[in-house]
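Q: I'd like to go through this one with you piece by piece. Can you put it up so we can start?

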There are 2 protein chains.
Amino acid sequence: MMLAMAVRLKDIARDLGVSVVTVSKVLRGNSDIGEETRKRVLKRMKELNYQPNMLARGLASGKTYTVGLVVPDLVHPFFAEFAKSLSGVLRKSHRAVILASSEEDPEIERQEIRTLLRRGIDVLLIASCQPNLRNFYELGDERTPYLLFDRNFPHLAAHFVGSNDLMVGEMATNHLIGIGRKRIGHIAGRNTSPSYDRLRGFRDAMAEHRLPVPEDYVVVCDHMEERGDKTGYEAMQKLLALKERPDAVFCYNDMTAIGAIAATTAAGLRVPEDIAIIGCGNMPYNDYLKVPLSSIDHGTAELGRIAGELALELTSHPEQPPKNILVPPTLVVRASTLPR
Amino acid sequence: MMLAMAVRLKDIARDLGVSVVTVSKVLRGNSDIGEETRKRVLKRMKELNYQPNMLARGLASGKTYTVGLVVPDLVHPFFAEFAKSLSGVLRKSHRAVILASSEEDPEIERQEIRTLLRRGIDVLLIASCQPNLRNFYELGDERTPYLLFDRNFPHLAAHFVGSNDLMVGEMATNHLIGIGRKRIGHIAGRNTSPSYDRLRGFRDAMAEHRLPVPEDYVVVCDHMEERGDKTGYEAMQKLLALKERPDAVFCYNDMTAIGAIAATTAAGLRVPEDIAIIGCGNMPYNDYLKVPLSSIDHGTAELGRIAGELALELTSHPEQPPKNILVPPTLVVRASTLPR
DNA sequence: TTGAAAGCGCTAACAC
DNA sequence: GTGTTAGCGCTTTCAA
């Protein structure tokens with residue numbers, strides 16, 4: 001088989017007796033080209049199956065048609081689905097996604113951001129695992145626009161796309177109150193805006209119904225994402241050990257809730273009769289669990305779509321005031337929070 | 001705040017009164033540079049936080065330090081975990097991953113392969129959703145080495161990394177036989193090498209124990225990945241409708257098995273007492289299901305690691321005879337296949 | 001040990 | 001409409 005070297009604009013120009021610039025203009029749909037020339041060029045391009053070299057184009061034009069994506073953990077269904085939805089949007093606009101996983105490690109995140117910038121991405125999307133803003137100073141020095149998702153930094157004037165986590169907390173809590181529970185606990189995350197906001201939503205809803213939240217009814221944990229079931233199990237044990245234990249618990253995410261349910265049944269109690277439990281994320285397997293798990297769905301695919309569209313907009317109009325897009329969540333009720 | 005333009009080799013060269021070439025050599029650790037010069041250059045690079053422009057480097061050298069990854073569905077935990085593990089390996093070697101999702105659509109896959117090649121990746125990793133070899137002809141024309149994973153094409157002399165799916169089928173089936181089952185069915189996939197191989201393993205194991213496999217005991221399905229639970233549910237209904245229904249079923253993957261269990265219990269039968277069911281993939285939530293699900297674990301993280309290492313090797317030695325690396329699976333027993 | 005020259009494949013600005 | 005010139009930031013080759 002003939003192994004053809006990659007075809008270049010130069011080859012087409014030579015074949016047709018025109019200049020490289022003319023060919024380049026046709027390629028980019030530039031209008032100041034004669035109809036006849038355009039046809040000949042396009043024909044030859046097709047014949048040779050010409051594929052533009054994006055490195056060269058990027059170097060010359062400063063636009064790479066590439067988007068950088070940094071997630072804390074690709075295995076977490078939320079980030080996987082977000083990435084999938086995002087890449088679908090970008091594919092339609094002929095953008096590629098360079099993927100980086102920070103493994104919830106700020107130092108790796110920092111390194112990955114650097115690597116991405118070196119590659120000349122047009123825009124960066126990041127769900128940062130930083131507890132502070134350090135990694136963003138580096139970004140501040142660049143002209144590359146960026147967009148936060150899932151995890152916000154209110155003090156950073158940056159674009160953000162995420163679920164409305166205040167509503168998540170309120171919605172979950174109001175649902176538990178609505179099925180007649182009064183002693184409601186919360187297994188919370190740490191150091192991320194969804195953690196803060198869901199907790200705040202929880203407190204707001206409780207306050208509104210004049211229900212007390214004893215200090216030890218809120219268990220704050222690390223590692224909600226990676227081994228959430230273990231985290232949830234241990235957190236729930238603390239709640240069960242309280243003198244007056246809760247009759248309902250709102251868990252930061254579904255895996256934590258699964259662990260919490262396991263701890264509850266291991267202690268000889270029933271879900272939802274003794275303790276109702278709700279999670280967040282609405283994982284596809286929630287229906288098939290030992291106790292089908294109620295959850296707050298934050299519309300992951302839509303988040304990915306919106307983030308993709310905003311990212312595209314930023315590539316053409318980088319200098320615009322920060323947008324803050326919050327997608328409202330929805331409640332999905334299953335057996336784990338059925339009324340008594 | 002000072003917004004610095006990106007630092008270039010030229011800037012460092014000017015500051016130090018040396019040539020760009022000298023700086024470039026220091027950057028790449030070239031040995032023919034004086035110790036004194038090297039130190040000065042490195043110092044200045046650090047001071048200015050120099051980051052090489054990978055586009056320019058790629059264009060000039062032909063090496064991009066970038067790997068292309070094409071998966072059929074990023075949301076499937078197997079591909080998500082594979083991608084995570086792979087990107088971990090590549091990060092340590094300062095390679096980036098460009099991610100493309102084919103959505104199980106051969107035409108999208110074809111487009112994505114083209115896009116990746118335009119970007120000058122050093123090596124391509126792909127779990128192809130093609131039923132045939134069409135998309136690979138394009139690859140054959142290029143000098144970019146590529147490596148198949150998860151899904152093999154035996155007639156294509158290409159590198160492959162995957163689980164030993166023949167063993168997967170045998171292991172699952174032997175386990176079901178080992179707990180005393182004799183009428184064993186299989187819910188199978190279509191058009192992919194894991195489907196063929198698991199089916200073959202199933203048949204081999206049955207034949208070895210002189211157990212019959214009636215034709216309608218093998219239900220071949222599409223869409224095992226995306227909505228596997230629905231697929232499994234419907235396939236299981238067919239098996240349940242048989243005059244002599246199976247007393248055990250080996251399902252292509254865990255989601256299918258979950259659907260199969262749902263269909264079984266919906267029909268008023270018990271798992272595992274009436275029908276034992278085993279899946280494949282060993283998803284993290286298998287422990288928490290209504291019926292904890294036995295499964296074959298194919299060591300996804302290790303597959304990703306191995307694929308990453310082979311990919312790196314291919315970037316330095318592209319022309320080597322195709323390797324075929326099969327990782328042996330392991331059996332994980334849970335309640336869904338406990339002996340009566 | 002260092003650097004000048006050439007070029008990777010493309011685009012931007014401007015002349016014709 | 002089309003082409004010329006210049007250059008993106010880096011590497012490669014080869015001469016000094």
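Q: Where is Asp247(B) placed in chain B?

A: Bear in mind that this is a predicted model. Asp247(B) is in the loop of chain B that runs between α10 (228-240) and β8 (248-251).

Q: What is the nearest side chain of opposite charge to Asp247(B)?

A: That is Arg183(B), at 4.2 Å. A salt bridge needs a side-chain nitrogen of Lys or Arg within 4 Å of a carboxyl oxygen, and Asp247(B), although buried, has no salt bridge.

Q: Which backbone nitrogen lies 3.3 Å from a polar atom of the Asp247(B) side chain?

A: The backbone nitrogen of Lys182(B) lies at that distance from the side chain of Asp247(B). If residues up to four places away in sequence are left aside, Asp247(B) touches Arg181(B), Lys182(B), Arg183(B) and Ile184(B), and also Asp274(B), Ile275(B), Ala276(B) and Arg340(B).

Q: OK, switching to the DNA. Which residues come nearest to strand C?

A: Of the 24 residues around DNA strand C, the nearest are Ser24(A) and Tyr50(A) from chain A, with Thr22(B), Gly34(B) and Thr37(B) from chain B. Among the atoms of DNA strand C that come within 4 Å of the protein, 69% are accounted for by sugar and phosphate.

Q: Which phosphate and base contacts can you give me for strand C?

A: A polar backbone atom of Leu9(A) is 2.6 Å from a phosphate oxygen of DNA strand C, and an N or O atom in the side chain of Arg8(A) is 3.4 Å from a phosphate oxygen of that strand. On the base side, a backbone N or O atom of Ala56(A) lies 3.3 Å from a base nitrogen of DNA strand C.

Q: Which element supplies the largest share of the surface near strand C?

A: The largest share comes from α4(A), with four residues. At least two residues each are supplied by α2 (20-27) and α4 (54-61) of chain A, and by α2 (20-27) and α4 (54-61) of chain B.

Q: And how many residues surround strand D?

A: DNA strand D is surrounded by 24 residues, the closest being Thr22(A), Gly34(A), Leu9(B), Ser24(B) and Tyr50(B). A polar side-chain atom of Tyr50(B) lies 2.3 Å from a phosphate oxygen of DNA strand D, while for Thr37(A) a polar side-chain atom lies 2.8 Å from a phosphate oxygen. A backbone N or O atom of Ala56(B) lies 3.4 Å from a base nitrogen of DNA strand D. For the surface near this strand, α4(B) gives the largest share, four residues.

Q: What does UniProt say about residues 7-61 of chain A?

A: An unreviewed UniProt entry places the feature "domain: HTH lacI-type" there. In the model, residues 7-61 of chain A are 69% helix and 0% strand, with the end C-alpha atoms 20 Å apart.

Q: Now the backbone: which peptide bond in chain A is cis, with omega near 10 degrees?

A: The bond from Val271(A) to Pro272(A) is cis, and Pro272(A) is in the loop between α11 (254-266) and β9 (276-280) of chain A. In chain B, a cis peptide bond joins Val271(B) and Pro272(B), with omega about 10 degrees.

Q: And what is the phi of His94(A)?

A: It is positive, about 60 degrees, although His94(A) is not a glycine. Most residues other than glycine have a negative phi. His94(A) lies in the loop between α5 (77-92) and β2 (96-101) of chain A.

Q: Is His94(A) buried or exposed?

A: His94(A) counts as exposed because its relative accessibility is 55% and the cut-off for exposed is over 50%.

Definitions and conventions. Residues numbered from 1 in each chain as written. Chains lettered and ligands numbered in written order. Predicted model: local features only at pLDDT ≥ 70, side-chain atom pairs only at ≥ 80, totals over all residues. Heavy atoms only, no water. Buried < 20%, exposed > 50% of the residue type's maximum accessible area, 1.4 Å probe, protein only. Lys, Arg positive; Asp, Glu negative; His and termini not counted. Polar contact = N/O pair within 3.5 Å; in protein donor to acceptor, adjacent residues only side chain to side chain. Contact = heavy atoms within 4.5 Å. UniProt positions renumbered as here; feature names shortened; annotations may be inferred. Near = heavy atom within 4 Å.
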